[in-house]
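Grab a pencil and open your favourite viewer. The exercises below ask you to read a structure step by step, and each comes with a worked solution.

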Amino acid sequence: MCALPGLRGPRAPPQPLLLLCLLAMVRPSSADDHPPEYSNVAVEKNITLQRPSNVELTCQFTTSGNLNSVNVTWRKDDELIENNYLINATGKILYTQYMFTINDSKQMGSYSCFFQEEKEQRGTFNFKVPELHGKNKPVITYVGDSTVLICKCQECVPLNWTWYSMNGSVQVPLDVQMSDKYVISGTNANETRLKIMHLSEEDQGAYWCHAIFQLGESEDHIDLVVLSYLVPLKPFLAIAAEVVLLVAIILLCEMYTQKKKNRPDDGKEFEQIEQLKSDDSNGIENNVPRYRKNESVGQ
């Protein structure tokens, strides 16, 4: 990284001056007999802005060839920037500087310098508003409880904070007038807190915090999971149900097996009873006294 002394753009007194330098360098080989080596890796730098600023972007390029053969251009996203940048050379080092003022969100985006020699080398500055940070992991709570969702940004002061909930794919602003349900507050200017009370299972979902800056907007989300108190018991209830079912199956199997074993004995016992009855009948018939009819001889 470098800063070019003596190169400054017009400066507005109430606005801070941002001086940046990006090094996109191509170095020749240390061996004189070998061709120069080129780096194809693009140099990239992310820059965070939340208010209008004067900006100076500088790129540096070193070549072993003729500096006049190097073509230098600047682009804003995919649009070519015409004649609003400076080019200077010192020895084998070529400098280019682009100075401008970012006043609104339309001027945010990517600014790239290009050095076209045998291969094209590029350096890129990405301008964006500050990022918001919620919570990476879901917030888990229970029905009837209250919870506080916190969203913040580092070293920034948004003009306004807003909270949204998701209804399908649509963001719905939270009704802060429902004081018995939602309370929005913040202990510091760089954070916002959403308190949700009397939670129900319908309250779970994604909640988005939205910040407005002078140069754009930023947002992040927090996932809220609302559980019923029966949820922790469900695994135990499922295990208990499985145990009861298993015991019932075992008992039924035992009863069926026992009944199956008893069936042949019942048949034999029935046969024995029938045999006894038959024997008893035969005995009775045999023991019946027999009377003989004596006829009178005289008749």
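Here are five exercises on the sheet, the rings, the disulfides and two single residues.

This is a predicted model, in which local features need pLDDT of at least 70 and side-chain atom pairs count only at pLDDT 80 or more, while totals for chains, interfaces and linings use all residues. Residues are numbered from 1 along each chain as its sequence is written, and side-chain values use heavy atoms, with hydrogens and water left out.

**Exercise 1. Work out the strand order of the open sheet of five strands, and find its edges.**

Step 1: Fix the terms. Strands are DSSP runs (E, at least two residues), numbered from the N terminus, and two strands pair if DSSP finds at least two bridges between them.

Step 2: Read the order across the sheet. It runs β10-β17-β16-β12-β13, and the pairing is mixed.

Step 3: Look for strands that pair on one side only. These are β10 (139–142) and β13 (170–173), the edge strands.

Step 4: Check the twist. On average, neighbouring strands of this sheet are turned by 35° against each other, direction ignored; the axes are lines fitted to C-alpha atoms, with angles from 0 to 180 degrees between N-to-C directions.

Step 5: Zoom in on one edge. β10 pairs with β17 (residues 216–227) in the parallel sense, over four bridges. Within this neighbourhood, Ile140 stands opposite Val225 in β17.

**Exercise 2. Classify the aromatic pairs Trp74 with Phe125 and Phe100 with Phe127.**

Step 1: Recall how such a pair is described. The distance of the centres and the angle of the planes do the job.

Step 2: Set the cut-offs. Rings of Phe, Tyr and Trp (its six-membered ring) pair if their centres lie within 6.5 Å; planes under 30 degrees apart count as stacked, over 60 as edge-to-face and the rest as tilted. A search of the whole structure finds eight aromatic pairs.

Step 3: Take Trp74 and Phe125. Their centres are 6.5 Å apart with 15° between the planes, a stacked pair. Trp74 sits in strand β4 (residues 71–76) and Phe125 in strand β9 (residues 120–128), so the pair ties together parts that are 51 residues apart in sequence.

Step 4: Take Phe100 and Phe127. With centres 6.3 Å apart and planes at 80°, the pair is edge-to-face. Phe100 belongs to strand β7 (residues 93–102) and Phe127 to strand β9, 27 residues apart.

Step 5: Test for burial (buried means under 20% relative accessible area, exposed over 50%, partly exposed in between; 1.4 Å probe, protein chains only). Trp74 is buried at 0%, Phe125 is buried at 0%, and both Phe100 and Phe127 are buried.

Step 6: Zoom out. Ring pairs link Trp74, Tyr98, Phe100, Tyr111, Phe125 and Phe127 into a cluster.

**Exercise 3. Which cysteines does each of the three disulfides join?**

Step 1: Apply the criterion. A disulfide is a pair of cysteine sulfur atoms within 2.5 Å.

Step 2: Start with Cys59 and Cys113, joined at an S to S distance of 2.0 Å. Cys59 lies in strand β3 (residues 53–62) and Cys113 in strand β8 (residues 109–116), 54 residues apart.

Step 3: Go on to Cys151 and Cys209, joined at 1.9 Å from S to S. Here strand β11 (residues 147–152) holds Cys151 and strand β16 (residues 205–213) holds Cys209, 58 residues apart.

Step 4: Finish with Cys153 and Cys156, joined with an S to S distance of 1.7 Å. Cys153 and Cys156 are both buried.

**Exercise 4. Why is the disulfide of Cys59 and Cys113 called left-handed?**

Step 1: Look at the torsion about the S-S bond. It is about -90°, so this disulfide is left-handed.

Step 2: Add the surroundings. Cys59 is buried at 0% relative accessible area, and Cys113 is buried at 0% too.

**Exercise 5. Are Asn188 and Glu79 buried, partly exposed or exposed?**

Step 1: Place Asn188 in the loop between β14 (182–185) and β15 (191–196). Its relative accessible area is 44%, so Asn188 is partly exposed.

Step 2: Place Glu79 in strand β5 (residues 79–81). At 56%, Glu79 is exposed.

Step 3: Check C-alpha distances. Asn188 and Val157, 31 residues apart along the chain, are separated by 9.1 Å, and Glu79 and Tyr111, 32 residues apart, by 9.5 Å.
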